[in-house]
Amino acid sequence: MSTTASAPFERPAEFHVYDTTLRDGAQQEGLRLSVADKLQIAGLLDELGVNYIEGGWPGANPNDTAFFAAAAAGEVTLKNATLTAFGFTRRVGGTAADDPLTAALRDSGAGVACVVAKSHDQHVVRALRTTLEENLAMITDTVSHLVAEGQRVFLDCEHFFDGFRDNKAYALEVVRTAMDAGAEVAVLCDTNGGMLPTWVGEIVAEVAQATDARLGIHAHNDTGCAVANTIAAVDAGAMHVQGTINGYGERTGNADLVPIVANLELKYGWQLLPAGSLAEATRLSHAIAEVTNVPPSTRQPYVGLSSFAHKAGLHASAIKVDPNLYQHIDPELVGNDMRMLVSDMAGRANIQIKGSELGFDLSDRDLAAKITDKVKEREADGYTYEGADASFELLLRAELDQLPEYFVARSWRVFTQSGTDGVTDTEATIRLEAGGHSTRVVGEGNGPVNALDHALREALLPVYPVVDHFELSDYRVRILDQGHGTDATTRVLIQTTNGLRTWTTVGVGQNVIEASWEALSQAYTYGLLHSEVEPAS
Ligand SMILES: CC(=O)SCCNC(=O)CCNC(=O)[C@H](O)C(C)(C)COP(=O)(O)OP(=O)(O)OC[C@H]1O[C@@H](n2cnc3c(N)ncnc32)[C@H](O)[C@@H]1OP(=O)(O)O
Ligand SMILES: CC(=O)C(=O)O
């Protein structure tokens, strides 16, 4: 673990954490944010404590224009952040004062305008189809107009790194022109995301030497180096970092802002967010993922579900001595948790730690070894416990002779019939004993698992009314021995919720309904166990 401060130099007196989730993040394929989504995310970003929130591009589309109007009308209150509006330099041959998109920036109500300008000579000539001089005039005119109108301005230098390699003098001229016109920061953009950290470091250092500009960095992740490139730029003198939550963005995304900030706070020892905010990062990153409706990657640095999950037996045995032996930071610093996984890669230590998390004393080496062997044996048969904690607890309790018997299923049968009207009906019949009574219940459903679920619920309700709150929230089937066709072994994972707790159980069988029944009956058993219901005798 290396949470100690080891910055190569002091934190710059002024440092900006600039979030562009609502603008560049929204350029991600498949991501669509309504005005209400944007307002909600802006509130969450402000809670994280970033300094600037780029809200979008006013005037470019009705949604972004409406977002700035709503923000100006007080529909979101920012305590920490300054709202920033994004736009480009005035059109070729026009004037900033008469340019409708410059007007939209100016009238957006945002305290800061972030203006994107071409800084690669080839883009000026080929994409903008104008002269290098006119591009500089567009920068001067736009920046000075907005500054004169009372707005602070940052300049995003588009394609800066590629431009610097192609025509260094011109790229530097763009930076100087922006500064002379009154821009506060020249943000060097790796627009195509093709840079590597050493290249970024060298170029940022050269720009810092050649100009007196305050520099920022905006990196895309096409080489998988966006966060590293950002840190390299900071090491070379950048005092402004741009990124998005969860790395959303065009193509492969932008630099993920949380690891950038966490690295600078926890590795360099720089305070960037308000005290205590970093410990909210996991919650806020997941809350934003809820709004974007993009499932968060479990392997995201710092905030992922798996960021501090330990599967290998060797890791667990050392973690038993000290968790920090296999963790680079204390997960609590970013609001995350250590998790112990149980699988065929487990050793005794995984089982002991997991058991103790569940409240069981497995310090007896032989007992822990016996349960470890059982887990490995079951995993070899196709079960998986790392994603089915509830089934692991039931296995553990069975081995410890601590599994209450809530019901005994004597038999079940499923019958599916397709009618001439094209409607398929499914009926499940279950015979079971619970609370000293034998019952036979028929359930109907739109498929075999649904019918079995209805039948089991009906059979248990008179004895255990609490099952009325159980609801199947997810059902996943996986073929284990691919190539076997329809006689392959299948694994079924069922997720159940009672509104307060969610649990996952696993079943395995050559018959998918048999596997489903196993997972389903375990789901009810686990739910009853944790509803603190006594088994009816
Ligand atoms: C690197 C980045 O991610 S920057 C952010 C990119 N984001 C977006 O493009 C999303 C929002 N964009 C839009 O809604 C539209 O593109 C608009 C409203 C900005 C412009 O739309 P249109 O007027 O229809 O133009 P279109 O998108 O086809 O082309 C862009 C025009 O801007 C010009 N342009 C490009 N960059 C700049 C710049 N920095 N300054 C001024 N003009 C520019 C182009 O040369 C082109 O000019 P043309 O109309 O004479 O051909
Ligand atoms: C400005 C911007 O988004 C880019 O250059 O990538």
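# A closed barrel and a crossed helix pair

Reader: Which residue follows α13, and what is the sign of its phi?
Author: Gly359 follows α13, and its phi is positive, near 95°. The model is predicted.

Reader: What makes α13 "largely enclosed"?
Author: Count its buried residues. A residue is buried if 20 or more other C-beta atoms lie within 10 Å of its own. Eight of the 10 residues of α13 pass, so the helix is largely enclosed by the rest of the structure. The eight are Arg348, Ala349, Asn350, Ile351, Gln352, Ile353, Lys354 and Gly355.

Reader: Which elements do the buried residues of α13 pack against?
Author: They pack against α12 (313-319), β10 (339-340), α14 and α15 (389-399).

Reader: Why are α13 and α14 called roughly perpendicular?
Author: Two packed helices are described by the angle between their axes and the distance between the axes. Here α13 (residues 348-357) and α14 (residues 365-380) cross at roughly 100°, and their axes come within 8 Å. Angles of 65 to 115 degrees count as roughly perpendicular. The crossing angle falls in that range, so the label holds for α13 and α14.

Reader: Which residues make that contact?
Author: From α13 come Arg348, Ile351 and Gln352. From α14 come Arg365, Ala368, Ala369, Ile371, Thr372 and Val375.

Reader: What makes the eight-strand sheet a barrel?
Author: Its strands close, in the order β1-β2-β3-β4-β5-β6-β7-β8, with parallel pairing. Neighbouring strands are turned by 25° against each other on average, direction ignored.

Reader: How do you know which strands β1 pairs with?
Author: Count bridges. Pairing needs at least two of them between two strands. β1 and β8 have four, in the parallel sense. Two bridges join β1 to β2 (residues 52-54), and this pair also runs parallel. Both counts reach the cut-off, so β1 pairs with β8 and with β2. For β1 and β8, the bridge partner of Asp19 is Gly243 in β8. For β1 and β2, the bridge partner of Tyr18 is Tyr52 in β2.

Reader: Why is β1 said to be covered on both faces?
Author: Look at each side of residues 16-19. His16 and Tyr18 lie on one side, Val17 and Asp19 on the other, and all are buried.

Reader: What makes β5 "mostly covered"?
Author: Six of the seven residues in β5 (residues 152-158) are buried.

Reader: How do you know that β5 has two strand partners?
Author: β4 (residues 112-118) and β5 share seven bridges, in the parallel sense. One of the links runs from Lys118 to Glu158 in β5. β5 and β6 (residues 185-190) share four bridges, again parallel. There, the bridge partner of Leu155 is Ala186 in β6. Each count meets the minimum of at least two bridges, so both pairs qualify.

Reader: What links β6 to β7?
Author: Five bridges link β6 to β7 (residues 215-219), in the parallel sense. Leu188 has Ile217 in β7 as its bridge partner.

Reader: What makes the phi of His159 stand out?
Author: Most residues other than glycine have a negative phi. His159 has a positive value, near 50°. The residue lies in the loop between β5 and α6 (160-166).

Reader: Is His159 buried or exposed?
Author: His159 has 22 other C-beta atoms within 10 Å. The cut-off for buried is 20 or more, so His159 counts as buried.

Reader: Why is Arg251 called partly exposed?
Author: Arg251 has 13 other C-beta atoms within 10 Å. Exposed means 12 or fewer and buried means 20 or more, so Arg251 falls in between. Its phi is also positive, about 55°, although Arg251 is not a glycine. Arg251 sits in the loop between β8 (240-243) and α10 (257-267).

Reader: Where does UniProt place a domain feature?
Author: The unreviewed entry puts "domain: Pyruvate carboxyltransferase" at residues 15-283. The span is 43% helix and 16% strand, and its end C-alpha atoms lie 24 Å apart.

Reader: Which domains does the chain have in the domain assignment?
Author: The assignment gives domain 1 (17-292), domain 2 (309-377) and domain 3 (408-529). The centres of domain 1 and domain 3 are separated by 52 Å, taken over C-alpha atoms.

Reader: What are the totals for the chain?
Author: There are 17 helices and 16 strands. Of the 537 residues, 45% count as buried. The C-alpha trace spans about 90 × 60 × 45 Å along its principal axes.

Definitions and conventions. Residues are numbered from 1 along each chain as its sequence is written. Chains are lettered from A and ligands numbered from 1 in the order in which they are written. This is a predicted model: local features need pLDDT of at least 70, side-chain atom pairs count only at pLDDT 80 or more; totals for chains, interfaces and linings use all residues. UniProt positions are given in the numbering used here, feature names are shortened, and annotations may be inferred rather than shown by experiment. Domain bounds come from an automatic or database domain assignment. Axes are lines fitted to C-alpha atoms, for helices over the stretch in contact, and angles run from 0 to 180 degrees between N-to-C directions. Angles under 35 degrees count as roughly parallel, over 145 as roughly antiparallel, 65 to 115 as roughly perpendicular and the rest as oblique. Two residues are in contact if their C-beta atoms, placed from the backbone, lie within 7 Å.
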